[in-house]
Amino acid sequence: MSTSQLVAQHLPFLRRYARALGGSQPAGDAYVTAMLETLIADPSTLDRGVDTRVALYRLLTRLWDSVSINAVSEPAATTFHGENRLGHITPVVRQAFLLVSLEGFSEEDAAAVLEIDVPTLRHLVADAGRELAAEIATDVLIIEDEPFIALDLEGLVEGLGHRVTGIARTHSEAVSLARRKTPGLILADIQLADGSSGLDAVNELISGVEVPVIFITAYPERFLTGVRPEPAFLIAKPFQPSTVAAVISQALFFERKARPREQRATA
């Protein structure tokens, strides 16, 4: 496959990433154009020793890093949810957050794009969560019946700058806590202490209010086969704290508020 064909299939996503980095589509497209011109002048600048997608994002990131003014993104005339907050995030932290949360890179591939190791990437993602929390701090309800996991999640959430309103071990506890104070984010297990379902609890909670929901469970198949809200995030146990931090930031930053899934009529 030619270089032009390789680039073409990734071009829409490169433009999205560049827009988010630069703060506007014209600013982002200027860097994508510079990347294309670089490849035309010298195709060897595309590192064939790594995955093509990683190589393209690495080259674009290098170009963006080469201009010092990029410490601040430009305000855009039209923005996706939360985009106007990006300019407040430290540049390399912004890159790490966008690669993981917007572009969906694995930790290993995101680290390869930025030419750093995975532990450093994890620190950057955690930094992104803390910097974003200064803008979007919210109240978090944790639905989790394992005490040690619940405490780990509580510490992680508070470390990012959010507030934990309570920890529920059952469906009824979750409903009671949510009635006392409406959460701005829900972290929920699926299998709860009394045999009740975190899915059922969440579906009841969001029947009256739309909030982002992240399921953290050792039973991902129940999420896939059950009646689940949309959109919702899924993290399988055991989890990396950096993964939870990244998904929390993603859910809040892009305002992915869940709502009950529409039921389809059956014959």
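**View 1. Strand β3 and strand β4 (residues 213-217) run parallel and are joined by three bridges.** The model shown here and in the views that follow is a predicted one. Between these two strands the chain passes from β3 through helix α9 (residues 198-205) to β4, and the resulting β-α-β crossover is right-handed. One of the pairings that can be located in the close-up is that of I186, whose bridge partner in β4 is V213. A further parallel pairing, made over four bridges, links β3 to strand β1 (residues 139-143), and here I142 has L187 of β3 as its bridge partner.

**View 2. The side chains of strand β3 (residues 185-188) point in two opposite ways, and all of these residues are buried.** In a regular strand, side chains alternate between the two faces of the sheet. In β3, L185 and L187 point one way, whereas I186 and A188 point the other way. L187, the bridge partner of I142, and I186, the bridge partner of V213, thus belong to the two opposite sets.

**View 3. E103 occupies the loop between α4 (91-102) and α5 (107-114).** With a relative accessible area of 6%, E103 falls under the 20% limit and therefore counts as buried. The side chain of E103 makes a polar contact with the side chain of Y57, at 2.8 Å. Once the neighbours within four places in sequence are left aside, the residues in contact with E103 are F13, R16, Y17, R53, Y57 and L98, so that Y57 appears in this list as well as in the polar contact.

**View 4. The largest pocket has a volume of about 240 Å³.** It is lined by 15 residues, of which V100, F105, T243, A246 and V247 are the closest to its centre. Helices α4, α6 (118-136) and α11 (241-253) each contribute at least two residues to the lining of this pocket, and the largest share, five residues, is supplied by α11.

**View 5. A cis peptide bond connects K237 to P238, with omega near -5°.** P238 is placed in the loop between β5 (233-236) and α11, the helix that also provides the largest share of the lining of the largest pocket.

**View 6. E115 has a positive phi of about 60°, although this residue is not a glycine.** The residue is located in the loop between α5 and α6. Its relative accessibility of 47% lies between the limits of 20% and 50%, and E115 therefore counts as partly exposed.

**View 7. P43 and S4 are 39 residues apart in sequence, and their C-alpha atoms are 9.6 Å apart in space.** P43 is found in the loop between α2 (25-41) and α3 (52-65). Because its relative accessible area of 43% falls between 20% and 50%, P43 is classed as partly exposed.

**View 8. The whole chain, given as context for the close-ups, contains 11 helices and five strands.** Of its 267 residues, 48% count as buried. Among the contacts in the chain with a separation of 6 or more, 70% are made by residues 24 or more positions apart.

Terms used: Residues are numbered from 1 along each chain as its sequence is written. This is a predicted model: local features need pLDDT of at least 70, side-chain atom pairs count only at pLDDT 80 or more; totals for chains, interfaces and linings use all residues. Side-chain values use heavy atoms; hydrogens and water are left out. Buried means under 20% relative accessible area, exposed over 50%, partly exposed in between (1.4 Å probe, protein chains only). A polar contact is a pair of N or O atoms within 3.5 Å; within protein, one must be able to donate a hydrogen and the other to accept it, and residues adjacent in sequence count only if both atoms are side-chain atoms. Contact means heavy atoms within 4.5 Å. Two strands pair if DSSP finds at least two bridges between them. A crossover is right-handed if, with the strands pointing away from the viewer, the path from the first strand over the helix to the second runs clockwise. On a 1 Å grid over the protein atoms alone, a cavity is a set of points where a 1.4 Å probe fits but cannot get out, and a pocket is an open set with protein on both sides within 12 Å along at least five of seven lines; lining residues have an atom within 4 Å of a point. Grid points are joined across faces, edges and corners, and a volume is the space filled by probe spheres set on the points.
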